[in-house]
Amino acid sequence: FLNTSDPLYQDAEILLSSELREPNVYFNIIRAILEGATKLGEIANSARVDVTNMPKYLNTLVKLRIVDKTRPLTSPKEKRSLYELTDNYFRFWLTYVYPYMEEIAVVPEQHLEFIKETYPGYMGPVFEKFCINAMKVIRPIQFNSIGRWWYKGQEIDIVATNDKTKDIMFCECKWQDNVNPRKIYEELKKKAETVQWGSENRKEHYAVFARSFDKRIKEDNVFLYNLEDIKAEMKWN
């Protein structure tokens, strides 16, 4: 990425130019989403694109699997849908390469140190996506739906449900070391109260994913996975 003659340094621009007729428009839309615009109107304003044309552009990016359209797992309402950047190559390139091309060309070693310092913050949403995929393999409970959840400022990284058994699992993902699982579990329980799904008799489960934990807790309905646990479970499955 930091070698100006390497394909990874410039492939993002080449890919958009070769696949799309208006690469600059798509480029601005992707940047707008990465910088925090998630709703159609917000993305249009940030990318300076006529809002009436946005569905066409966004649908194209969804088909290319660069962007995804998501809604809270338990919500059937289309109006609560958001757009997010899902392609990790574009995410990394737009975060660490494109804005710093002049610096990379002159002092790539210095920029590498900047990447190392800020990488933990960058990894947050990437780790969440990884944990969703890990859940599909590990399956601490049997579920038929999985995704993110949000409502009025509250967010839960992963929610998995089983419509037949009325099991529901709430998961939090922390790209951090020495995470306190008790604290995360208590916070998840409070958030879970606002998730409208199933009846009062639903069976709640919780999971915490982290780089490492400061200590383990033992609760019948709580699952903990550090990086070594995930590695072992994925290999076993």
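Start by selecting β4 (154–162) and strand β5 (residues 167–174): five bridges join the two, and they run antiparallel. Strands here are DSSP runs of E with at least two residues, helices are runs of H or I with at least four, and both are numbered from the N terminus. Two strands pair if DSSP finds at least two bridges between them.

Before you go on, a word about what is on screen. This is a predicted model, where local features need pLDDT of at least 70 and side-chain atom pairs count only at pLDDT 80 or more, while totals for chains, interfaces and linings use all residues. Residues are numbered from 1 along each chain as its sequence is written, and side-chain values use heavy atoms, with hydrogens and water left out.

**The strands**

Click on Ala160 and look across to β5: Met169 stands opposite. Then follow the chain through the hairpin of β4 and β5, which has four residues between the strands, and stop at Lys166, with its positive phi near 65°.

Now add β3 (145–151). Six bridges join β3 to β4, again in an antiparallel run. Tyr151 faces Gln154 of β4. These two strands also make a hairpin, with two residues between them, and Lys152 in the turn has a positive phi of about 50°.

Why is β4 largely enclosed by the rest of the structure? Seven of its nine residues are buried, so the surroundings largely close it in. (Buried means under 20% relative accessible area, exposed over 50% and partly exposed in between, with a 1.4 Å probe and protein chains only.)

**The pockets**

Next, turn on a surface view. Rolling a probe the size of a water molecule over the atoms shows where empty space is left. On a 1 Å grid over the protein atoms alone, a pocket is an open set of points where a 1.4 Å probe fits, with protein on both sides within 12 Å along at least five of seven lines; lining residues have an atom within 4 Å of a point. Grid points are joined across faces, edges and corners, and a volume is the space filled by probe spheres set on the points.

Select Thr38, Leu82, Glu84, Arg148 and Glu155: of the 28 residues lining the largest pocket, these lie nearest its centre. Its volume is about 590 Å³. Elements giving two or more residues to this lining include α2 (23–34), β2 (82–85) and α5 (88–97), but the largest share, five residues, comes from α7.

For the second largest pocket, at about 330 Å³, pick Asp68, Thr70, Glu84, Lys129 and Ile132, the nearest to its centre among 17 lining residues. β1 (67–70), α7 and β3 each supply at least two of the lining residues, and α7 gives the most, with six.

**Two helices**

Jump to helix α8 (residues 181–192), whose 12 residues reach 16 Å from first C-alpha to last, close to the 16 Å expected at 1.5 Å a residue (1.5 Å times one less than the number of residues). Colour its buried residues: Pro181, Ile184, Tyr185, Leu188, Lys191 and Ala192. Seen down the axis of α8, they fall within an arc of 125°, so they line one face of the helix; the arc is that of the directions from the helix axis to the C-beta atoms. On the other side of α8, Lys183 and Lys190 are exposed.

Last stop: Leu58, in helix α4 (residues 54–63). Leu58 counts as buried because its relative accessibility is 0%. The C-alpha atoms of Leu58 and Asp68 are separated by 8.7 Å, with the two residues 10 apart along the chain.
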